Amino acid sequence: MAVQVVLGTQWGDEGKGKIVDYLSKNADYVVRFQGGNNAGHTIKIKNDVYKLHIIPSGVISGKIGVIGNGCVIDPEILSDEIKQLKQKKIHPNLLISNRAHIIMPYHKLLDGAEEKYLAQGKIGTTKRGIGPCYSDKIARNGIRAGDLLSKEKLIKKLERILPIKQQLLKIYGIDHVLDKNMIANTYHAYGKKFKDFITDTHDLLQDAIIDGKNILFEGAQGAMLDVDYGTYPYATSSHVIAGGAAIGAGVPPKVLSDLVGIVKAYTTRVGEGPMPTELHDTVGQYLQKNGHEFGTTTSRPRRCGWLDLVVVRHACRLSGISKIALTKLDVLDGIDTVKICVGYEMKNKMIDIFPFDSDDVALCKPIYKEFKGWDKTTKAASFTDLPQQAQEYILFIQEYLKTPIWLVSFGPERNQTFMV
Ligand code: IMP
């Protein structure tokens with residue numbers, strides 16, 4: 001394995017949690033490099049279901065979980081997740097980058113307030129304070145994990161930041177007093193709680209690479225939510241594509257060559273923003289019900305539609321995806337005619353490149369290739385065990401993307417997976 005990166009190629013929720021859990025068998029370290037508790041990874045092991053938002057999924061298999069500098073951390077949520085795992089007899093082995101930014105109470109208040117003010121133009125964020133926290137990072141007003149270790153430093157930073165945030169809350173009509181001492185006490189207490197985890201994780205990872213350790217990078221969200229290459233402004237605030245792993249963990253880009261793109265066999269999206277293959281019919285409802293397409297983080301129903309290969313190719317090219325893990329193939333079982341989007345008609349033109357402008361994306365009418373459906377995939381142990389029609393579906397995806405399908409997942413259990 002050495003270094004392997006797992007990335008979402010759609011709008012998130014591709015089933016990365018299960019694949020990371022599957023691949024982390026051979027890993028020494030499992031690393032998150034972007035995002036925060038806007039993510040939700042569900043892992044099912046026998047009768048236990050784990051729902052993680054910020055802790056890397058690999059800790060469930062006893063691996064060292066690293067929360068890299070590119071992440072944003074809500075310490076309250078992190079505490080809760082650690083507690084939840086301990087209740088299930090899992091003692092997470094965690095490392096937190098001292099450079100990771102901390103989601104503060106005002107970030108959460110402002111996320112909700114901004115969305116309310118945007119009204120019809122809202123992004124549909126998870127309201128976890130992600131955007132405001134990343135905004136502060138770039139504006140150089142952030143508080144980092146390492147800052148939580150010193151109360152004096154924390155107070156000094158808060159003295160600089162809080163008056164601005166207090167004004168902002170007032171503008172948004174939020175009647176909430178930001179009490180410097182209370183915030184400093186609470187967040188310093190988190191610092192003390194996590195002090196053994198907070199360190200120069202980039203340095204440890206660089207050593208691990210030199211020592212030939214196995215490192216698995218666990219992407220959150222998907223390429224279409226990348227702040228530069230996704231459906232901006234209907235995107236998240238981090239770099240979701242492969243380049244983000246180098247920056248968000250502090251490792252040289254040249255080590256990132258084994259890049260696994262996770263492709264769900266159909267498309268889903270939560271929140272606002274265009275989605276060309278969205279279905280508003282009974283097939284859409286079937287996918288939602290059969291695929292249990294409800295957000296892990298916000299429980300919102302996910303919008304569902306056919307697989308969009310224009311989207312996936314965009315993602316594969318941006319990250320240089322070397323192989324694909326196809327997930328949730330079983331959700332398509334029992335549909336008479338299955339479709340894949342291979343291009344768009346936009347303003348009377350045929351295109352197969354994802355448009356820059358979300359208003360243009362909203363005008364895109366998908367061009368479909370149709371496939372005869374299949375009955376059941378549930379008992380496949382290898383590619384040739386799949387129904388012929390499902391094999392054709394997979395081979396077409398591989399040919400279109402010019403990227404090998406490497407792994408197929410057809411159910412939530414670990415054993416509902418095979419390598420192609
Ligand atoms: P934020 O990341 O909370 O700011 O939300 C921005 C957009 O990204 C919204 O449309 C969210 O629904 C979406 N989003 C964020 N995290 C995830 C995820 O893990 N899966 C799917 N969508 C997500």
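This is a short walking tour of the structure above, with one selection to make at each stop.

**Before you start**

You are looking at a predicted model, in which local features need pLDDT of at least 70, side-chain atom pairs count only at pLDDT 80 or more, and totals for chains, interfaces and linings use all residues. Residues are numbered from 1 along each chain as its sequence is written, and side-chain values use heavy atoms, with hydrogens and water left out.

**Stop 1: the two domains**

Colour residues 3-91 together with 201-419 as domain 1, and residues 101-194 as domain 2; these bounds come from an automatic or database domain assignment. The C-alpha centres of the two domains are 29 Å apart. Where they meet, domain 1 brings 27 residues to the contact and domain 2 brings 20 residues. Contact here means heavy atoms within 4.5 Å.

**Stop 2: the ligand**

Now select the ligand. How many residues surround the ligand? There are 15, and the closest are D13, N38, T126, T236 and R300. To count as near, a residue needs one of its heavy atoms within 4 Å of the molecule.

Why does the ligand lie between the two domains? Both domain 1 and domain 2 give residues to the shell, so the ligand sits between them.

Show the side chains of three of these residues and look for polar contacts (pairs of N or O atoms within 3.5 Å; within protein, one must be able to donate a hydrogen and the other to accept it, and residues adjacent in sequence count only if both atoms are side-chain atoms):

- D13 has a polar side-chain atom 3.2 Å from a nitrogen atom of the ligand.
- T126 has a polar side-chain atom 2.5 Å from an oxygen atom of the ligand.
- R300 has a side-chain N or O atom 2.9 Å from an oxygen atom of the ligand.

On its own, the ligand has 470 Å² of accessible area, and the protein covers 96% of that. Such areas come from the Shrake-Rupley method with a 1.4 Å probe, and for residues only the protein chains shown count as cover.

Colour the shell by residue type, and you will find six nonpolar, seven polar and two charged residues. In this scheme Ala, Val, Leu, Ile, Met, Phe, Trp, Tyr, Cys and Pro are nonpolar, Asp, Glu, Lys and Arg are charged, and the others, Gly among them, are polar.

**Stop 3: T201**

Go next to T201, in helix α7 (residues 201-210). Helices (H or I, at least four residues) and strands (E, at least two) are DSSP runs, numbered from the N terminus. Is T201 buried or exposed? T201 is buried, because its relative accessibility is 2%; buried means under 20% relative accessible area, exposed over 50%, and partly exposed in between (1.4 Å probe, protein chains only). Leaving aside neighbours within four places in sequence, T201 is in contact with V66, I67, G68, L95, I96 and S97.

**Stop 4: some backbone surprises**

Most residues other than glycine have a negative phi, and most peptide bonds are trans. Here are some places that go the other way.

- The peptide bond from Y232 to P233 is cis, with omega near 5 degrees. Look for P233 in the loop between β10 (215-218) and α8 (242-249).
- A119 is not a glycine, yet has a positive phi of about 45 degrees. Its loop runs between α3 (105-118) and α4 (130-138), and A119 is partly exposed at 42% relative accessible area.
- K328, also not a glycine, has a positive phi of about 55 degrees. You will find K328 in the loop between β15 (323-327) and β16 (337-346).
- H292, just after α9, takes a positive phi of about 50 degrees.

While you are at α9 (residues 282-290), select D281, which caps the N-terminal end of this helix: a side-chain oxygen is 3.1 Å from the backbone nitrogen of V283.

**Stop 5: T403 and K376**

T403 is in the loop between α12 and β19 (405-409), and is buried at 6% relative accessible area. The T403 side chain reaches the backbone oxygen of L401 at 2.8 Å.

For your last selection, pick K376, in the loop between β18 (365-372) and α12 (388-401). K376 is exposed, with a relative accessible area of 55%. Then add R160: K376 and R160 are 216 residues apart in sequence and 60 Å apart in space, C-alpha to C-alpha.
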